[in-house]
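Please look over the model below before reading on. My notes follow as numbered points.

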Amino acid sequence: PRHRYLAVARYWTRRGFAVLVPTRLGYGETGVEPDAEYSGPCNAKNYRGLLEAGVIQVSAALQYARRQPWADADRAIVMGASVGGFITVAVAGRRLPGVVAAINFSGGAGGDPKERPGNPCGPRQLEAAFAEAGRTARVPGLFLYSENDRFWGADLPRRWHAAYVAAGGRARLVSAPPIGEDGHQLLNRGFRLWRK
């Protein structure tokens with residue numbers, strides 16, 4: 001299965017944006033082994049490999065867009081949700097050509113809403129990764145999380161945003177009200193809360 005985000009794509013195309021919705025390697029029909037995003041067991045997480053694999057794939061999508069006559073790759077907004085949001089934050093720190101802004105929806109990694117709600121694996125490593133991206137980020141960012149995100153809880157996203165900003169990144173944090181049983185679905189189920 002592949003997430004197509006049709007309502008979100010339509011939101012942007014109606015505002016004059018070209019939209020690409022790539023599927024990262026290992027997901028949808030691209031399922032491969034070994035998983036390029038594997039970051040180790042819960043008690044020994046290292047998110048660098050996950051972020052590096054994601055940044056490479058976003059860079060490839062931007063290079064593809066650059067070759068399309070219908071896209072302006074010199075004014076690209078990168079957006080992602082969940083692990084994709086985490087990767088978006090890393091992309092903001094890489095200064096990829098043409099990227100002018102980054103939107104992180106519910107970004108993070110290592111979460112398990114059933115077994116470890118609000119308590120992802122390697123929270124210190126996650127915070128360090130956000131700070132590392134903030135040190136080199138030069139594009140504005142938007143961090144959107146819901147107060148009842150069962151993957152991260154309400155406090156961790158605030159800490160991640162604070163680490164990013166303290167390291168030099170420019171980003172606004174928006175904490176949306178609870179969405180259903182799990183606010184981790186903010187991008188799709190909280191559409192009315194974030195669209196303008």
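1. Arg67 counts as exposed, because its relative accessibility is 59% and the cut-off for exposed is over 50%. Keep in mind that this is a predicted model.

2. Where does Arg67 lie? Its place is the loop that runs between helix H2 (48-66) and strand E1 (76-81). The side chain of Arg67 makes a contact back to Gln63: it reaches the backbone oxygen of that residue at 3.5 Å.

3. Arg67 can also be placed relative to Ala36. The two are 31 residues apart in sequence. In space, their C-alpha atoms are 26 Å apart.

4. Next, charge. Which residues gather in a patch of positive charge on the surface? They are Arg10, Arg14, Arg15 and Arg195. Arg195 sits in the segment after helix H7 (191-194). Is Arg195 exposed or partly exposed? Its relative accessible area is 44%, so Arg195 is partly exposed: partly exposed covers the range between under 20% and over 50%.

5. Now the nonpolar surface. Phe17, Val19, Ile77 and Val100 form a patch there. Together they have about 260 Å² of accessible area.

6. Val100 deserves its own entry. This member of the nonpolar patch belongs to strand E2, residues 99-105. Val100 has 37% relative accessibility, and therefore counts as partly exposed. A patch residue needs over 30% relative accessible area, and Val100 at 37% meets that.

Notes: Residues are numbered from 1 along each chain as its sequence is written. This is a predicted model: local features need pLDDT of at least 70, side-chain atom pairs count only at pLDDT 80 or more; totals for chains, interfaces and linings use all residues. Side-chain values use heavy atoms; hydrogens and water are left out. Patches are made of residues with over 30% relative accessible area and no salt bridge: like charges are joined within 9 Å, nonpolar side chains (Val, Leu, Ile, Met, Phe, Trp, Tyr) within 5 Å. Accessible areas come from the Shrake-Rupley method with a 1.4 Å probe; for residues, only the protein chains shown count as cover. A salt bridge is a side-chain nitrogen of Lys or Arg within 4 Å of a carboxyl oxygen of Asp or Glu. Lys and Arg count as positive and Asp and Glu as negative; His and the chain ends are not counted. The place of a charge is taken as NZ of Lys, CZ of Arg, CG of Asp or CD of Glu. Helices (H or I, at least four residues) and strands (E, at least two) are DSSP runs, numbered from the N terminus. Buried means under 20% relative accessible area, exposed over 50%, partly exposed in between (1.4 Å probe, protein chains only). A polar contact is a pair of N or O atoms within 3.5 Å; within protein, one must be able to donate a hydrogen and the other to accept it, and residues adjacent in sequence count only if both atoms are side-chain atoms.
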